Amino acid sequence: MHREPRLTNAALMARRHAAVARGVGQAHEIFVSKARNAEVWDVEGRRYIDFAGGIAVLNTGHCHADVIAAVKAQLDLYTHTCFQVLAYEPYVELAERLNALAPGNFAKKTLFLSTGAEAVENAVKIARSHTGRSGIIAFTGGYHGRTMMTLGLTGKIAPYKIGFGPYPAEVFHALFPNPLRGISVADALRSVDTLLKNDIEADRVAAFIVEPVQGEGGFHVAPNEFVLGLKELADRHGILLIADEVQTGAGRTGTWFACEQWPVAPDLIATAKSLAGGFPISGVIGRADVMDAPAPGGLGGTYAGSPIGCAAALAVLKAFEDEHLLQRSRDIGEALFAGLRRIASHVPAIGDVRGLGAMVAIELFEVGDRPGAEPSPDAATLQPDAALTKRVVAEAARRGLILLSCGTEANVIRILVPLTASDALLAEGLRILDDSLVAVQ
């Protein structure tokens, strides 16, 4: 009797290396066979707790029943027409819902696309069209995507930008506040002023683009006083403020958009990732007069705002309401902060616990031969420990917990667990992280 060979992670990795481009990275040499809520099982039947969430895509968890049901219902109606050819109501309804959710006491409009990078690119296009200016100021440590424009905006070289230049012109980088690296809010705002004096005049700048919490850059939160300073500069010089909420949006930080927690409203918001619970869709939401600057035909895309993505996103919004997931995000954030600080009390390599809502991270530093010593808060003495970070992520996976690292020094471990995860699962995951940190120090 013929039997099909049993799938293994190793065998599939061998096939992957032979068939898939080397530039497509992979954090773990694991192939998934099924996933539910905040758990996944690999092809060998091993179970893992998912603290990565598909890189902030699964705020409502893997295969949320209502999202899957909405997609199945939409599949029976129509799957694609191209909205610019034949429109459909779910696109309009989703735009209405997001316009109502976005902060700002002004009329808003929305555009839908397919990916986060597309959303950021189109936010830049809209800003340039509205202002008639070309310059964009982004920030060190920021991540905005892998297209050429968004790579130009990204303030982190490895691994994203190596070998792909030159990048689009008229993109400049100012400092992002980072107390651990000795960069204050005043320093960051002065660096913007320096750009406006030395590199590009203010009346050629279309927009500032900033993440409310830097994702790939290491979960650094934009302080309110920094945002206020940017907005003051923006208003003085006729510059727009773009919030890149691709990773922070869809309830991750305890509000639907993280910029709801800002003291001022951005002019444009780019969103994607968890918006549709695992199905591709992205969007730009903004001031109606700004959004209407491009002429008809200037915005859109063949798959932009697909019916499947719109149906899934509407189901995600309903799940947030029915299951009180914004409050759950805040509760998970409190539990993560408390649990990680407990771990930090006996793991001296943890130099910082930070984040916003349920977007939380720890940063690891070398402690040398000082057993039990706390890392110094003096930026000059902190030595990022990327090697330890890599060992912790690998050890956690071996013990059944999926983690991701990030940060410009690759020494940050971030947690993006689904907001639908149970308290018991959170506690189990934190125990594995604690054990892994202790095991590999």
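**Pocket entry.** I looked up the second largest pocket in this predicted model, and its volume is about 330 Å³. Of its 17 lining residues, Tyr91, Thr110, Leu111, Leu299 and Gly300 sit closest to the centre. For my own memory: on a 1 Å grid over the protein atoms alone, a pocket is an open set of points where a 1.4 Å probe fits, with protein on both sides within 12 Å along at least five of seven lines, and lining residues have an atom within 4 Å of a point. The volume is the space filled by probe spheres set on the points, which are joined across faces, edges and corners. Strand β4 (residues 108-113) gives the most to this lining, with four residues. A strand here is a DSSP run of E, at least two residues long, numbered from the N terminus.

**Ground rules.** I count residues from 1 along each chain as its sequence is written. Since the model is predicted, local features need pLDDT of at least 70 and side-chain atom pairs need 80 or more, while totals for chains, interfaces and linings use all residues, and side-chain values use heavy atoms, without hydrogens and water.

**Cysteine entry.** How many disulfides does the structure hold? I found zero, taking a disulfide as a pair of cysteine sulfur atoms within 2.5 Å. The sulfur of cysteine 82 has its closest cysteine sulfur in cysteine 310, 12 Å away, so that is too far for a bond. Cysteine 310 is buried at 0% relative accessible area (buried means under 20%, with a 1.4 Å probe and protein chains only). Cysteine 82 counts as buried too, at 11%.

Terms used: Buried < 20%, exposed > 50% of the residue type's maximum accessible area, 1.4 Å probe, protein only.
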